[in-house]
Amino acid sequence: MASKFLLLGLLMQILVVGSNAGGIAIYWGQNGNEGTLLETCSTDNYAFVILAFLPTFGNGQTPMLNLAGHCDPYSNGCVSLSDDIKSCQAKGIKVILSIGGGAGSYYLASSEDARQVATYLWNNFLGGKSDSRPLGDAVLDGIDFDIEGGTNQHWDELARYLNGYSKKGKKVYLTAAPQCPFPDAWIGDALKTGLFDYVWVQFYNNPPCQYTSGAVSNLEDAWKQWTSSIPATKIFLGLPAAPQAAGSGFIPSSDLTSTVLPAIKGSEKYGGVMLWSKYYDDLTGYSSSIKTHV
């Protein structure tokens with residue numbers, strides 16, 4: 001009889017863990033030595049691949065893609081990624097374009113500017129039509145807001161305009177990568193719209209809210225604030241995939257699986273882990289070492 005109860009207990013545990021299983025999101029595109037997009041999706045480690053970046057847009061500028069050494073957007077060289085994007089999507093992986101980034105020339109000058117940028121993104125990367133689609137005819141799954149400069153104006157309007165396109169068939173997923181100090185200085189207002197599906201909070205380069213060896217309380221407090229205050233479908237723990245991927249905030253995989261994840265996985269909004277970036281993940285094998293625990 002005891003063994004029956006033991007089995008039942010194990011089954012209950014599996015169900016509980018399974019119901020809160022998360023996925024891994026990875027940024028790809030800023031290092032030519034990180035493998036192709038197809039190879040990235042073929043690892044089967046990632047639920048989301050975020051293409052980084054579209055760092056030039058807004059205020060009348062001609063939007064320009066930057067995928068580092070992977071392809072040359074100026075000669076239309078990135079259209080060759082179209083087949084890779086479709087292959088990733090065929091595996092059930094969502095492929096998302098990240099706008100902004102740590103170094104770029106972007107800001108929205110007005111509501112009309114936000115509308116024009118949304119129209120551009122829809123026609124050139126999502127379900128619309130354009131003669132100059134930088135990634136070819138593949139239809140991306142959504143747009144990621146990695147806004148780390150410019151101004152904090154009109155991002156909420158950009159989110160609303162993009163969300164409006166969801167009604168035209170394929171859903172446009174909206175994701176964001178705010179810094180962990182709450183609220184985010186750049187897109188705090190946009191996140192209040194409740195239009196974001198996945199928010200991967202950067203718990204690095206921000207000592208007040210990141211993990212330090214043996215001390216999880218700062219991260220846990222910030223996590224609780226994000227999960228209780230932001231009306232998003234799922235919140236992800238954003239981390240560097242290697243010590244050299246960020247100035248601070250790297251969590252050894254053993255600490256992540258033994259201490260940090262157990263502290264945050266109880267949240268209904270827990271969605272998984274975001275990693276910066278594929279290049280650094282290749283150096284450490286971080287995603288492979290945490291995948292079964294996420």
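This talk walks through the disulfides, one helix, two single residues and the two largest pockets of a predicted model.

Ground rules, quickly. The model is predicted, so to speak of local features we need pLDDT of at least 70, side-chain atom pairs count only at pLDDT 80 or more, and totals for chains, interfaces and linings use all residues. Numbering runs from 1 along each chain as its sequence is written, and side-chain values use heavy atoms, with hydrogens and water left out.

Disulfides to begin. How many does a search of the whole structure find? Three. The criterion is a pair of cysteine sulfur atoms within 2.5 Å. Number the bonded cysteines in sequence order and the pairing reads 1-4, 2-3, 5-6.

Take Cys41 and Cys88. Their S to S distance is 2.0 Å. The angle about the S-S bond is 100 degrees, and the link is right-handed. Cys41 sits in helix H2, residues 37-42, and Cys88 in helix H3, residues 82-90. That puts them 47 residues apart, so to speak of distant parts of the chain being linked is fair. Helices here are DSSP runs of H or I with at least four residues; strands are runs of E with at least two; both are numbered from the N terminus. Both cysteines are buried. Buried means under 20% relative accessible area, exposed means over 50%, and partly exposed is in between, with a 1.4 Å probe and protein chains only.

Next, Cys71 and Cys78. Their sulfur atoms are 2.1 Å apart. Why is this disulfide right-handed? Because the torsion about its S-S bond is about 95 degrees. Cys71 has a relative accessible area of 13%, so it is buried. Cys78 is buried too, at 0%.

Then Cys180 and Cys209, with sulfur atoms 2.0 Å apart. The S-S angle is 80 degrees, right-handed. Cys180 lies in the loop between strand S7 (173-176) and helix H6 (188-191). Cys209 lies in the loop between strand S8 (198-202) and helix H7 (217-229). The pair therefore ties together parts 29 residues apart in sequence. Both Cys180 and Cys209 are buried.

Back to H3, the helix that holds Cys88. Which of its residues are buried? Ser82, Asp84, Ile85 and Cys88. Down the helix axis, they fall within an arc of 165 degrees, so they line one face of H3. That arc is taken over the directions from the helix axis to the C-beta atoms. On the other side, Asp83 and Ala90 are exposed. The cover over the buried residues includes H2, strand S2 (48-54) and S4. Contact, throughout, means heavy atoms within 4.5 Å. After H3 comes Gly92, with a positive phi near 90 degrees.

Two single residues now. Ser277 is in the loop between S10 and helix H9 (278-284). Its relative accessible area is 6%, so Ser277 is buried. Leaving out residues up to four places away in sequence, Ser277 touches Ile26, Tyr27, Glu34 and Ala241.

Ala109 is in the loop between strand S5 (105-106) and helix H4 (111-125). Buried, exposed or partly exposed? Partly exposed, because its relative accessibility is 41%. With the same sequence cut, Ala109 touches Asn59 and His154.

Last, pockets. Rolling a probe the size of a water molecule over the atoms shows where empty space is left. The grid is 1 Å over the protein atoms alone, with a 1.4 Å probe; a pocket is an open set with protein on both sides within 12 Å along at least five of seven lines, and lining residues have an atom within 4 Å of a point. Points join across faces, edges and corners, and volume is the space filled by probe spheres set on them.

The largest pocket comes to about 260 Å³. It has 19 lining residues, and the closest to its centre are Phe53, Gly101, Gly102, Glu148 and Trp276. Strands S4 (94-101) and S10 (270-276) are the elements that give two or more residues to this lining. By class, it has nine nonpolar, eight polar and two charged residues. Nonpolar covers Ala, Val, Leu, Ile, Met, Phe, Trp, Tyr, Cys and Pro; charged covers Asp, Glu, Lys and Arg; the others, Gly among them, are polar.

The second largest pocket has about 150 Å³. Its lining includes Thr62, Met64, Tyr120 and Pro134. The classes here are six nonpolar, four polar and no charged residues.
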